[in-house]
Amino acid sequence: MCGIVGYLGARNPKDVILGGLKKLEYRGYDSAGVAILHDGHTKRVRALGKLKALEDKLAHEPFNGHTGIGHTRWATHGVPSEINAHPHQVNGVSIVHNGIIENFQDIRRDLIQSGSTIESQTDSELIAHLISDQVQQTQDLRTAVERVLGKLRGAYAVLATWEQSPDEIVAFKEGPPLVIGHGRDENFVASDVQALIAYTQKFIYLEDQEVAVIKKDSIQIFSETGKPVDRDFVELNWDAEMVEKQGFPYFMLKEIFEQPRTLAVSLELLTNKERQEIITPTEYDDKLKTIFAGATDLRIVACGTSFYAATYGKYLFERLARLPTEVDIASEFRYREPVFNKKTVVMVISQSGETADTLAALRLVRQNGLEVISICNVKNSTIARESSLSIPMNCGPEIGVASTKAFTATLLNLLLFASQVAKVRETLSRAAETELMAALMALPAQVDLVLTHDKYFENAARGFHQFKGFLFMGRGVSYPIALEGALKLKELAYLHAEGYAAGEMKHGPLALIDERMAVVMIAPSDELYEKTVSNLEEARARGAKVIALGTGENTRLRDVSDAYLAIPASHWALNPILATIPIQLLAYHMAHSFGYDVDQPRNLAKSVTVE
Ligand code: F6R
């Protein structure tokens with residue numbers, strides 16, 4: 001939440017910062033601003049609304065200078081407005097902040113008592129006041145920041161500049177990520193590498209409580225106790241094209257259409273076609289065996305879409321690896337005083353690898369002496385770094401706020417990982433593995449085939465425009481897809497939608513059904529198919545309009561539904577991946593036809609680094 005960028009070098013800082021903020025707009029988009037230092041002064045421009053508003057304002061502003069910081073905001077304290085937009089400035093100190101200062105009321109009271117005038121409603125402005133007070137005494141920005149660190153409680157990633165030392169940016173953090181990009185005679189800093197990969201592939205990830213002094217030709221990092229820290233660069237080798245729309249109107253649509261390729265990447269790495277085998281990479285083969293050797297049970301913890309993927313994981317680990325598995329929403333888990341057994345294995349899932357609640361859950365588990373496996377997309381993210389074993393999703397940067405390709409990549413990686421564990425626990429027979437492998441090899445082409453029916457899904461979406469309520473239902477491994485389908489519709493099309501286990505309908509939700517309610521029934525041909533069709537009939541008998549999703553040319557489902565969406569025949573464990581494609585496109589087309597911004601749904605941000 002909130003994206004920040006800083007630049008020092010010979011390029012025009014305005015262009016670098018705006019370009020970087022564009023790549024970070026997924027993190028927040030209610031206001032934005034820049035502050036650029038030049039000739040002992042700071043020029044600050046802020047605008048309410050999306051980045052475009054700032055861009056328009058800046059178009060008429062000549063900028064000189066070689067040092068600047070910028071911010072795109074997702075409001076926490078204080079409404080979206082120009083006065084609450086960052087950078088905040090006090091006596092020549094400018095700051096941009098991502099996070100929440102929890103003790104802001106105490107700080108605010110103290111500052112007011114000591115005569116400060118606070119302009120905005122934000123917690124962030126207070127950081128500028130604190131640094132400004134200190135820098136008047138120390139005449140050194142880093143020392144001032146170090147003095148302020150002890151006063152802040154909460155989550156923060158901050159960049160600070162001071163007019164009297166215009167050639168440096170001081171960066172510090174606790175919680176949200178900050179990455180420093182290294183160039184020749186220029187350096188960068190941002191919330192996410194996506195903002196910087198057009199300029200450099202060499203990065204340093206700042207750790208909590210560290211302070212970095214960044215100049216155009218040097219990067220110095222200091223520990224909490226003020227000692228210099230030596231940190232190697234991480235080389236990414238990401239292609240800048242990966243963060244462009246490549247001809248699609250939205251990142252989300254591009255990411256949906258990338259899925260055949262992203263799934264193929266994981267299959268390439270984790271299967272052996274010739275031997276018809278699911279393989280465990282040598283880097284973690286021994287570790288996996290040690291972790292799961294005496295495991296009694298598995299807990300999977302995540303938020304949002306990643307939590308729904310975890311729910312799918314529960315079915316897999318129990319059915320394939322015969323390992324008792326429970327799933328938890330991270331924000332509940334971390335405050336529930338969960339009971340750990342020494343043989344419990346914990347897994348966390350996070351696309352961004354920075355979600356505050358998931359990270360806190362991981363840390364809680366590690367404090368209790370247990371190892372944590374993570375599945376993350378962003379490889380050097382905090383969650384990936386702090387896990388005992390981190391499995392990459394390998395689907396490339398995901399920029400659309402609503403998760404799509406990362407969801408299917410997680411499902412596939414969960415399936416491959418559960419199979420690896422099942423092999424260690426000797427619960428996956430050779431025949432079952434060969435059967436699964438055959439289906440896995442067909443998966444990318446099958447996903448591609450489903451995508452070719454996009455126009456058909458668009459028409460189906462059009463037929464359901466007038467409905468205000470949607471119930472998504474499924475059984476077994478289709479149940480998590482019902483949850484995910486409902487979430488996609490809520491967050492993109494702003495429609496009320498709920499996901500239910502179809503067998504639960506009779507226990508209450510059936511009362512919701514009438515002719516104004518649409519039901520999306522996920523009913524692939526698996527062992528629960530007949531029961532799912534009965535649930536569909538029950539809904540229909542009470543007046544619901546039905547979208548049925550089934551396997552192949554299923555005339556029975558076609559006959560009992562108002563729209564029928566087909567997926568190709570596959571293995572029970574892969575039906576959910578195939579079923580996800582039509583529900584993603586359904587939500588996309590609904591939202592698009594209402595004229596909503598599909599990449600940046602209202603009130604949301606992609607990387608939820610505050611709780
Ligand atoms: C919904 C969505 C969110 C995220 C959730 C967790 O489309 O993207 O629900 O899944 O905020 O994010 P990560 O996976 O980054 O921890």
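**Exercise 1.** In which loop is the place of P87?

*Solution.* This is a predicted model, in which local features need pLDDT of at least 70, side-chain atom pairs count only at pLDDT 80 or more, and totals for chains, interfaces and linings use all residues. Residues are numbered from 1 along each chain as its sequence is written, and side-chain values use heavy atoms, with hydrogens and water left out. P87 is in the loop between β4 (67–73) and β5 (88–90); strands are DSSP runs of E with at least two residues, helices runs of H or I with at least four, numbered from the N terminus. A cis peptide bond joins H86 and P87, with omega about -10 degrees. Most peptide bonds are trans.

**Exercise 2.** Locate D185 and state the sign of its phi.

*Solution.* D185 falls in the loop between β9 (179–183) and β10 (186–190). Its phi is positive, about 60 degrees, although D185 is not a glycine.

**Exercise 3.** Identify the polar side-chain atoms that face oxygen atoms of the ligand, and the domains that supply its shell.

*Solution.* Step one: a polar contact is a pair of N or O atoms within 3.5 Å. A polar side-chain atom of S350 lies 2.6 Å from a ligand oxygen, one of S352 lies 2.7 Å from a ligand oxygen, and one of E491 lies 2.6 Å from a ligand oxygen.

Step two: the elements that give two or more residues to the shell around the ligand are α9 (304–319) and α16 (479–493).

Step three: domain 2 (273–442) and domain 3 (453–593) both give residues to this shell, so the ligand lies between them; the bounds come from an automatic or database domain assignment.

Conventions. A polar contact is a pair of N or O atoms within 3.5 Å; within protein, one must be able to donate a hydrogen and the other to accept it, and residues adjacent in sequence count only if both atoms are side-chain atoms.
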